[in-house]
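Here's a quick tour of the model in front of you. Keep the 3D view open and click along as we go.

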Amino acid sequence: MSYKKVILNEFGGPEVLKVIEEENLPEPAAGEVRVKILAASATFTDTMVRKGIYFGFKETPPLSPGYDMVGVVDKIGANVDGFERGQMVADLTVFGAYTEYMLRPADSLVPVPAEVSPTDAVSMVLSYLTAYQMLHRVAKVKSGQSILVHGAGGAVGTALLELGKLLDLKIFGTASASKRELVEGLGAVHIDYAQEDFLARMQAEGKVDAAFDAISGENFKRSFQSLKKGGILVPYGFYDNAMGKGGSVPIDFMKVALWNILPNGRKASFYSIGDLRKKNPEWFKEDLDALFALLKEGKLKPAIERAMKLEEAAEAHKLIESAAVKGRIVLTVGE
Ligand SMILES: NC(=O)c1ccc[n+]([C@@H]2O[C@H](COP(=O)([O-])OP(=O)(O)OC[C@H]3O[C@@H](n4cnc5c(N)ncnc54)[C@H](OP(=O)(O)O)[C@@H]3O)[C@@H](O)[C@H]2O)c1
C-alpha cells in the first residue's frame, strides 16, 4: 500500500518541502510499532531543521521534518507488549513525523487517552511539554509568583501562559501588537516588545521570579536583568539567530553559563526537551501523562489557530517564519 510523506532533498526555504508517494508501508522490526499518523505539529523548530541550522542535529537530506506526532497503532513488531491495534499513541520524534505512516520504537510511545482529539493531544508533545518542564522541572515556580514569557503569542508561549494560569502566576508576556488579544485572553499582561522596553517595564513592576526566553542574544541578558534576587532565567531557543538577526549560539551558551556561576543572586539554566528526555526518560512519560490528564479534564485548550493538511506543510512553514501564526498550527494527516 502506498502512502504520502513530506520530504526535503536539500536544506533550504519552505519550497524544498515536497509531497511524495512511498510505494510500500514500512514493516516494523522487533521492538517497533508502525503508527498511522493522525496529527503532527508544524513548529518553528521544524523550520530550523528544514534550513539545516538546528543546533546539534546531525541528520542529512533526504529527510522528513516533524518533531512530534499523534497516531494510532497500525502494526506491532515482535517482542512488543502493552499496545493494541487502533490504540492512540504520541511521541516526540524530532524529525520524520510529516508522513502518513512511520515506525517508532515501542518503548518511546506514550498512550493518549481516547477521549482527547489528536490535534489537541499533539499540541501537548513538543510545545506544552517544553512549557510544563520549564515551569515545574527547571524553574520550579510556586503559586503566586511572577514570570516573564517572551514570544507569548507563539506555540510554546501560549502553552506557558495556559499552564502558568493554572498555577496562579502573575504573567507578563511579550508579543507583537497582532497577538495582544490572544495574550490577554490567556490572562497575561501584554507587552508589545516593538513599542515598549520590557526591561524598563519589569523594573517598574518590581521584576519577576522567572523568565522564559527563546529569543537569544541581547534579549537573554535583559531577561536576566529582569529577575528578582533568587530568580531564574530559562533560555530555551535562538529565535533571532535562526531568523538571521545575528548573534552566536556558542557565545550565548557561554554567557548564560557564566551568569549562572557569578555571585549575583540569580540563576540561569538552559532547557532542552531532548536533553532532559535523555537524562530523565521517566519524566518525559510522567509529564506527558500529566498533560494528557489536564487535557482530558478540560483544563487545557491549546491555542490552535489553524489545522492544515499534511500537503500544506510548506505553506505552514511560510506562516510560521513570518510570525503570522497566533498560537500554533497542527497538520492533520490522512482522512
Ligand atoms: N529548548 C527546547 O526544548 C525547545 C522546545 C520547543 C521550542 N523551542 C524553541 O522555542 C522557540 C519558540 O518556538 P515556538 O514553537 O513557540 O515558535 P513560534 O510559535 O513561532 O513563536 C515564536 C513567537 O515569538 C514572537 N517573537 C518574535 N520576536 C520576538 C521578540 N523579539 N520578542 C518577543 N516575541 C517575539 C513571534 O511573534 P510576534 O513577533 O508576532 O510576537 C512568535 O509568536 C523556537 O526558537 C524553538 O526552536 C525550544
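## Starting at a loop

With 12 C-beta neighbours inside 10 Å, Ser 178 counts as exposed. The cut-offs behind that word: a residue is exposed with 12 or fewer other C-beta atoms within 10 Å of its own, buried with 20 or more, and partly exposed in between, with the C-beta atoms placed from the backbone. You'll find Ser 178 in the loop between S9 and helix H4 (180–185). Helices (H or I, at least four residues) and strands (E, at least two) are DSSP runs, numbered from the N terminus. Asp 192 is 14 residues from Ser 178 along the chain, and their C-alpha atoms are separated by 9.1 Å.

A word on the model itself: it is predicted, so local features need pLDDT of at least 70 and side-chain atom pairs count only at pLDDT 80 or more, while totals for chains, interfaces and linings use all residues. Residues are numbered from 1 along each chain as its sequence is written.

## The whole protein

Zooming out, the protein has eleven helices and 15 strands. Its C-alpha atoms fill a box of roughly 60 × 40 × 40 Å along the principal axes. For 335 residues, a compact globule would have a radius of gyration near 20 Å, and the protein agrees with its 20 Å. That radius is taken over C-alpha atoms, and the globule rule is 2.2 Å times the number of residues to the power 0.38.

Of the 335 residues, 47% count as buried. Among contacts between residues at least 6 apart in sequence, 68% join residues at least 24 apart. Two residues are in contact if their C-beta atoms, placed from the backbone, lie within 7 Å.

## Two domains

The protein divides into domain 1 (3–112 + 303–332) and domain 2 (129–274), with bounds that come from an automatic or database domain assignment. The contact between them takes eleven residues from domain 1 and ten residues from domain 2. On the side of domain 1 that touches domain 2, the residues divide into seven nonpolar, two polar and two charged. Here Ala, Val, Leu, Ile, Met, Phe, Trp, Tyr, Cys and Pro count as nonpolar, Asp, Glu, Lys and Arg as charged, and the others, Gly among them, as polar. The C-alpha centres of domain 1 and domain 2 lie 28 Å apart.

## Around the ligand

Which residues surrounding the ligand are the closest? They are Phe 44, Gly 151, Gly 154, Ser 176 and Gly 237, out of 32 that surround the ligand. A residue counts as near if its C-beta atom, placed from the backbone, lies within 6 Å of the molecule. By class, the shell has 17 nonpolar, 14 polar and one charged residues.

Helix H1 (44–51), helix H2 (118–139), helix H3 (155–166) and strand S9 (170–175) each supply at least two residues of that shell. Domain 1 and domain 2 both give residues to the shell, so the ligand lies between them.

## The nonpolar core

The largest nonpolar core has 99 residues, and those with the most contacts inside it are Ala 90, Ile 147 and Leu 331. The largest share, twelve residues, comes from H2. Both domains give residues to this core, so it lies between them. A core here is a set of buried Ala, Val, Leu, Ile, Met, Phe, Trp, Tyr and Cys residues joined through C-beta atoms within 7 Å.

Try clicking on Ala 90: leaving out residues up to four places away in sequence, it touches Met 69, Val 70, Val 110, Val 112, Ala 121, Val 122, Val 125 and Leu 288.

## Helix H1 and what covers it

Seven of the eight residues of H1 are buried, so this helix is largely enclosed by the rest of the structure. The buried residues include Asp 46 and Arg 50 as well as Phe 44. Among the elements covering them are strand S1 (3–8), strand S3 (32–42), H2 and helix H11 (313–321). Right after H1 comes Gly 52, with a positive phi near 80°.

## Backbone oddities

Pro 61 and Pro 62 are joined by a cis peptide bond, with omega about 0°. Pro 62 sits in the loop between H1 and strand S4 (68–76).

Asp 168 isn't a glycine, yet has a positive phi of about 60°; its place is in the loop between H3 and S9. Ala 323, also not a glycine, has a positive phi of about 55°, and lies in the loop between H11 and strand S15 (328–332). Asp 168 counts as exposed, with 12 C-beta neighbours inside 10 Å, whereas Ala 323 has 17 and counts as partly exposed.
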